[in-house]
Structures are given as C-alpha cells and as structure tokens.
Amino acid sequence: GVWVGGFWIFLNLWLLFRVLEMGLKGKADLNLKNKIRWLLTLKFPVLYLAGFLVLKTRFFPVEGILTGLTLFLAAFTFGWMRANVRPKSLSLFLFLTPFAFPAGTSFASEAQAAAGQEGARQASLHILNFVHLAAEALGDTPLAHFLERFENVIFCVIVIAFLSLVFFFASRGKGLVPGRLRAALEAVVEALNNLVCGILGPQGRKYTPFVGTLFLYILTMNLMGLVPLMKSPTSSAMTLKLGLIQIPVPTVTAALALVVFFYVQFIGMKEQGLLGYLDHMAGNPRDVFGFVLMPVMLVIHVIGELAKPLSLAFRLYGNIWGEDVLLAVFIGLGVGLLAFLPIPAGAPIQFPFMLLAMVTGTIQAFVFTLLSTVYIAMMLPHGEEHS
C-alpha cells in the first residue's frame, strides 16, 4: 500500500510537470500540443480511475496508501526546500516539524454525546487542546467546569493578547528605518487599507481600523487550530434542540457577524441620517410606482439585512469546522498506523491537509472581511460610493 500510494502521486506529479515543461518550450509547435493533449488524456481518466479502483477494491490498506502519499510529498517538499531555502531556515523547519505535526493519542479523541430519547450516541471526532486536557486532569472540580464552559473565550483572549503584544512591540521602534517586524506589519496594514479604500474610496481610510482588525482577528483564530494543543475558536458551536431536531449554532462566528451587522446599521444611520436610512430600506421611492412597492421593498431589505449575519456566521464556521474534523480523522489514521509502537506517536499523514487548511483559513478570513466591507459600502450615501 505504501509503494502504491507513493508511485501514484509520483506518476501524477511527473505527468503534471511534463505537461508544464512542454507547454513552456513552444506554444506554436503542433507536435508539442499533440503530446500535451495525449498526456492530459492519459492523466485524468486513466490515473484517477486507477486510484479509484485501488481504493474501491481495498486490496491494499488505505492507511498504507495514505502513508505513501504523505512520505512522497514530504520527501518532495524537503528536496525542494533543500535546493531553494537557506540552510538555517531549513534546519529550523526540520526542528519544528515534529512539534508542528504531532499525531499522538493525546491529540486525538472521540467525543460521545447523547442524541435522542432512546439513548443513541453520536460520535464527533475532534482534536484535543490544552484547556480540555487541563479540565480532564482536574476532574469534577469547579475549576474544571469553568475551563470547559469558557474554553472558546480563553482561546479568543489568547488571540487578542497575541495580536496586542505583536503590534505593541512592533510600534515601539522610533527610528526612521523600521525593523523587520514593523516593516512586515506596516505592509499588512497598507494592504488592508488599499483593500478597503479600493471598495469605499478615499473615505474608506476611517473604516480600515475596524475592517483590518476583523481580518487579523479571524485569520489568527483560523490558523491557531493548526498549532499543537490549541484550538480555532471559529470552529466552535453550541447545539440547539428543537424537539427531535438538533441545530448547531456557531458561537464565535455569530458574535463576529452580529458585530458587523450592528456596525453596518450604525454607519447607515450616521452617514445618511435616520430619514435617509429609512428611505434606503424602503428602496428609495421617488415616484408613484416606488411608493406602491415601498412595503414590499422594506420587507425585502429587512430580510436581506437579517440574512447577512447568518451567511457570515455559518460560512466561516462551516469551513473551519470541516477543516478540524478532516485533520482529526487523518490524525486518528496516523495513530492507527503506528499503534504498535510503545510511545504515543503516529504517522503525520495529515501534513498535506494542514497546508490546505492554511490556505482555506486565510481565504475565509479574507471573504469575511471583503463581504463586511461591501456591506459598509452598500450603506453609504450613493453619491459618495466609489465605482
């Protein structure tokens, strides 16, 4: 299984690089175009069909195939870094890798929760964090109950403290030539300001502190779940029971969405005035037809405004929660691969998905921030909007 998984990903990447190499050699060469067409014809149906059949027949262990995929990608990454990254940075990366990608039994646990009156149980795989482990170690004590109840709040406070300390130490320098940390943070702030002003126009500069803080706060929370013994607060939710139906209600993301909702409404009332805000919600009626449709437009605008926080909250929560579950599943598979070892260790087969989680976590923070900026733009007076 290990050899099959490694050979499959090797063949996949080799064909991909061959297509890329031939595409860069000559655009007008008809023979190269035919070769590229044949390689693509072989790559997609044949290679992926072979992978599907290998997994479907279960002739090779799935754990072995995943291990082969991970080992090849790890060797490929190491080879690329060895050729392109400085030796000191490579040494630091190799030193931190065992700590950054643990797959021990203390980091993966299956939580059981009662569901329904018949005592049916529903399993939800998740990655443990230091607050949960501390609560389990304390047993049935008031402090343990406090940690369990305010687990997400603790991690939110950790994120706030981390960002505050980073920007505090970066702003202490008074020289004309900024240090690396200050220069990096200035570049981040400038990029966020350009994003906001690109949507709202020059007046968007006064909204950059709110939007920029929102982006950094969400991004840090999303990525914190990839750190061992930490948790992404944006993946947390409480269960709301409506009879036999259980609905997950996100807590942290709902709070962020409500902050954006009330901030946007406040901006609408402040910039347009109360009458202008009501006129906007009524669809800006200016003729008889507009006044006739005013009740309908008012209802539509109210429903649209109420739908915005729901969309923001559930989109962010769903994506980050899905990443955490995916990582927990593959951590559990890694533990099962090396269960015969006398130490709580496992194969880091979740490594490729951690890279994917870094990308999607950043994208989700950007989407949340971008939509918040667009909502602000929709509330500003139409004469001041930036095209």
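**Exercise 1. Work out how H7 passes H8: which hand does the crossing have, and which residues meet?**

Start with the hand: in this predicted model, H7 goes past H8 in a left-handed crossing. Next, take the axes, which come within 9 Å and cross at roughly 115°. That angle makes H7 roughly perpendicular to H8, because 65 to 115 degrees is the range for that label. Finally, look at who touches whom. H7 brings Val166, Phe167 and Ala170, and these meet Leu181, Arg182, Leu185 and Val189 in H8.

**Exercise 2. Now follow H8 to H13 and describe how the two helices pack.**

Two numbers do most of the job, since a packed pair of helices is described by the angle between the axes and the distance between them. For H8 and H13, the angle is about 35° and the axes are 9 Å apart. The hand of this crossing is right-handed. On the H8 side, the contact uses Leu195, Val196, Ile199 and Leu200. On the H13 side, look for Phe366, Leu370, Thr373, Ile376 and Ala377.

**Exercise 3. Decide how H9 runs relative to H10: roughly parallel or roughly antiparallel?**

Step one is the geometry: H9 and H10 pack at an angle of about 175°, with 12 Å between their axes. Step two is the label. H9 is roughly antiparallel to H10, because angles over 145 degrees earn that name. Step three is the contact list: Phe210, Leu214, Tyr217, Ile218 and Met221 in H9 meet Val252, Leu256, Val259, Val260 and Tyr263 in H10.

**Exercise 4. Find the residues that touch the most other members of the largest nonpolar core, and say which helix gives the most to this core.**

The core has 42 residues, and Leu256 and Phe368 are the ones that touch the most other members. Helices that give two or more residues include H5 (130–138), H6 (142–149), H7 (151–170) and H8 (180–200). Also among them are H9 (208–224), H10 (252–281), H12 (294–337) and H13 (351–379). H9 gives the most, with 10 residues.

Now zoom in on Phe368. Skipping its neighbours within four places in sequence, Phe368 is in contact with Leu214, Ile218, Leu256, Ala257, Val260, Leu312 and Leu316. So Leu256 turns up on the contact list of Phe368, and Leu256 also takes part in the meeting of H9 and H10.

**Exercise 5. Compare Thr220 and Leu71: is each one buried or exposed?**

Take Thr220 first, which sits in helix H9. Its relative accessibility is 18%, and the cut-off for buried is under 20%, so Thr220 counts as buried. With neighbours within four places in sequence left aside, Thr220 is in contact with Val159, Phe162 and Leu163.

Then turn to Leu71 in helix H3 (residues 62–84). Here the relative accessibility is 51%, and exposed means over 50%, so Leu71 counts as exposed. Leu71 and Val2 are 69 residues apart in sequence, yet their C-alpha atoms are 8.6 Å apart in space.

**Exercise 6. Step back to the whole chain: how many helices and strands are there, and what share of the residues is buried?**

Count the elements: the protein chain has 13 helices and four strands. Of its 387 residues, 32% are buried. The accessible surface is about 23,500 Å², and carbon and sulfur atoms account for 73% of that. Last, check the contacts: among those between residues at least 6 apart in sequence, 64% link residues at least 24 apart.

How values were computed
Residues numbered from 1 in each chain as written. Predicted model: local features only at pLDDT ≥ 70, side-chain atom pairs only at ≥ 80, totals over all residues. Heavy atoms only, no water. Core = buried A, V, L, I, M, F, W, Y, C linked by side-chain atoms within 4.5 Å. Buried < 20%, exposed > 50% of the residue type's maximum accessible area, 1.4 Å probe, protein only. Contact = heavy atoms within 4.5 Å. Areas by Shrake-Rupley, 256 points an atom, 1.4 Å probe, with all protein chains shown as cover. Axes fitted to C-alpha atoms, helices over the stretch in contact; angles between N-to-C directions. Parallel < 35°, antiparallel > 145°, perpendicular 65-115°, else oblique. Left-handed = near helix turned anticlockwise from the far one by under 90°.
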